[in-house]
Amino acid sequence: MIPWLSPALQDLFIESAIETAMMVGGAAAIAILFGLPIALLLHATGKGGLAQSGLVNRPLGLLINAVRSTPFIILMVAIVPFTRLVAGTSIGTTAAIVPLALAATAFISRLFESAFAEVDRGVVEAARAMGATRMQILLKVVVPEALPGLIAAITVMLVSLVGFSAMAGAVGGGGLGDLGIRFGYQRFMPEVMASVVVILILVVQGLQSLGDWLVRRVRRR
Amino acid sequence: MSAFPPGPTPRQATDPAQAPGSAQGAEPAIQLRNLVRHFAGRGGVATKALDGVSLSVAAGEIFGIVGRSGAGKSTLIRCVNLLERPTEGEVRVLGEDLLLLGDRALRERRRSIGMVFQHFNLLSSRTVADNVAFPLEVAGVPQAERKARVAEVLGLVGLAEKADAYPAQLSGGQKQRVGIARALAPRPSILLCDEATSALDPETTHDILGLIRRLRDRLDLTVLLITHEMAVVKEICDRVAVMEAGKVLEEGRVFDVFTRPSHPTTRSFIAGTIGHSVPRGTVARLPAPQPGEEKRLLQVLFAGPNSTRAVISEASRRFGIDLDIISGRIDEIAGEPFGLMALAAYGPSAQLDAATAWFQELGLTVTPLAEVN
């Protein structure tokens, strides 16, 4: 696969790639699952929203901003007790998914929220005029109309998660970034570092292209 | 038009003498009483978008509200289905006070009030058929029934072959047809048109207005439309209200408002549609009056029994004045003909005044002629 590396290192590469995939995939899945309802809530309770409520919107927004403004490396160690509660351990790939998912949820909630804000207000008004309930408007109008924006947001999040996952080595999460640090940097093996960087570039390019293609497919404008 | 299949018994064109608006006794389809709507403006100063508006729209009529942007007409039409809640007043639709209804009952009633928008407001993620199905879906109509009704209304607006297209693939006129089909899918008895043709070119506007009128005749709809174009009112409305600064300036049968406007704003609105404007150059080339005489430029509107009388030559003989016809034409509003003439009148002031008074006695409308560059 990477001919200039020893077979042992090649195995390590494959192992690390799987760990990265698990961390990014796991965190992304959780983030989308929680981020979608959070973003809908933010959107609906926001100014001029369908269920405007500062009482809900402001604390929720504050919490999300707090998570987003904490540097990831600090967030990771700061929530160790929570991680232990959820994952049963604070070390390893599974444990690393918890802080990654938390950071990604906060991140994607805002991205989703702005995708919802892009939805034409006239279309929402039309749905109201047709007697749709607020729930119907959110699920049948806002989400489908925002779909291209949502996919673009997921793409941005995946790319960021690939970057964040490199820091997961700090809690023994492994992954490609960790491999690059431990072998490429600490053991002075520039060929490992270069390979990691090249692979990550290819992964990010691939994700971006896939995301762009999907956006084009679902955009009917 | 081929797009519109002939109905079993299409209603005859409304006889203006018994326009639906003049129907007595029957409950109006829409009745608005003393509507006031405040908007919190900058620095806490409230502006009044509606300032005591009362209107009533009879069942089956096409009622137009005309006004410039900012006149409050958009707020007014949104008050009919309570997309906008009035600060004060009463909104009765089909005899029911909507302001007294709870959320669920209001949503229910909204389904009997179709609405068409200036920018169509179609869901870009859905096909034409799925857009039209939306109000039915929201109302919980079973899928088989939905499908049949969608096909039916798409046929009604002449877009059956576009069922699987997405809105982005359609022209403006086609999008508005989808908008109309969507509004009609739940079989409403009232159709609200919010500047429905303002984003369309004149020819498409004409098509869409024709469609709305035919649908009114066929489905016994009551249509309330707002527009800033007098031409739209002239083309399809039975009655009209002119709005400015949140108030109704005047209201009445379209023919009456056009031929006998009582408010200057109405007059300026009409001037662009049926009025006469004569180029400055033409006016400059007219001969100068004789010494002791005066030259006046007049617009004379003939409507009613005296339209056919030879009033020009008679006036000339009676008052000893010269009348030079600069231009003239015959037009029709809601099936009623009227003539419009631009005159240059020469003679002593007193005789000109007398002739003007005589014209007015005959029921003709005489106004000074507007000049344009």
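In this predicted model, chain B contains an open sheet of 4 strands, arranged in the order β13-β14-β12-β15 with antiparallel pairing. The edges of this sheet are taken by β13 (322–333) and β15 (365–368) of chain B; each has a single partner strand, so one side of each is left without a neighbour in the sheet. On average, and with direction ignored, neighbouring strands here are turned by 20° against each other. It helps to recall how such sheets are held together: strands of a sheet pair through backbone hydrogen bonds, either parallel or antiparallel. A closer look at one pairing shows that strand β12 (residues 294–302) of chain B runs antiparallel to β15(B), with 4 bridges joining the two. One pair to look for on the screen is B:Q299 and its bridge partner in β15(B), B:T367.

Two helices accompany this sheet. Helix α12 (residues 349–361) of chain B packs on the sheet and touches β12, β13, β14 and β15 of chain B. The direction of α12 makes about 5° with that of β12(B). Helix α11 (residues 311–319) of chain B lies across β12, β13 and β14 (336–347) of chain B, and runs at about 150° to β13(B).

A second open sheet in chain B has 6 strands, in the order β6-β7-β8-β3-β9-β10, and its pairing is mixed. Here the edge positions belong to β6 (113–117) and β10 (247–253) of chain B, each with a single partner strand, so one side of each is left without a neighbour in the sheet. Neighbouring strands of this 6-stranded sheet are turned by 15° against each other on average, direction ignored. At one edge, β6(B) runs parallel to strand β7 (residues 190–194) of chain B, and 5 bridges join them. Within this pair, B:G114 has B:L191 in β7(B) as its bridge partner. Helix α5(B) packs on the sheet, where it touches β6 and β7 of chain B, and its direction makes about 165° with that of β6(B).

Helix α5 (residues 172–184) of chain B also has a helical companion. Its axis and that of helix α3 (residues 128–138) of chain B come within 7 Å and cross at roughly 30°. Because of that angle, α3(B) counts as roughly parallel to α5(B). The crossing of the two helices is right-handed. From α3(B), the residues B:V128, B:N131, B:V132 and B:P135 meet B:V178, B:A181 and B:R182 of α5(B). Sorted by character, the residues of this contact comprise 5 nonpolar, 1 polar and 1 charged.

Further strand pairing in chain B involves strand β1 (residues 30–40), which is joined to strand β2 (residues 46–57) by 9 bridges in an antiparallel arrangement. In this pairing, B:F39 finds its bridge partner, B:T47, in β2(B). Strand β1 of chain B is also antiparallel to strand β4 (residues 88–93) of chain B, with 5 bridges between them. There, B:R33 is matched with B:E90 in β4(B).

Chain A can be read alongside its database record. UniProt, in an unreviewed entry, places the feature "transmembrane region" at residues 20–42, 62–80, 86–108, 150–172 and 192–215 of chain A. In the model, residues 192–215 of chain A are 100% helix and 0% strand, with end C-alpha atoms 34 Å apart. Residues 150–172 of chain A are 70% helix and 0% strand, and the end C-alpha atoms of that span lie 32 Å apart.

Definitions and conventions: Residues are numbered from 1 along each chain as its sequence is written. Chains are lettered from A and ligands numbered from 1 in the order in which they are written. This is a predicted model: local features need pLDDT of at least 70, side-chain atom pairs count only at pLDDT 80 or more; totals for chains, interfaces and linings use all residues. Side-chain values use heavy atoms; hydrogens and water are left out. Axes are lines fitted to C-alpha atoms, for helices over the stretch in contact, and angles run from 0 to 180 degrees between N-to-C directions. Angles under 35 degrees count as roughly parallel, over 145 as roughly antiparallel, 65 to 115 as roughly perpendicular and the rest as oblique. A crossing is left-handed if the near helix is turned anticlockwise from the far one by less than a right angle, and right-handed if clockwise. Contact means heavy atoms within 4.5 Å. Ala, Val, Leu, Ile, Met, Phe, Trp, Tyr, Cys and Pro count as nonpolar, Asp, Glu, Lys and Arg as charged, and the others, Gly among them, as polar. Two strands pair if DSSP finds at least two bridges between them. UniProt positions are given in the numbering used here, feature names are shortened, and annotations may be inferred rather than shown by experiment.
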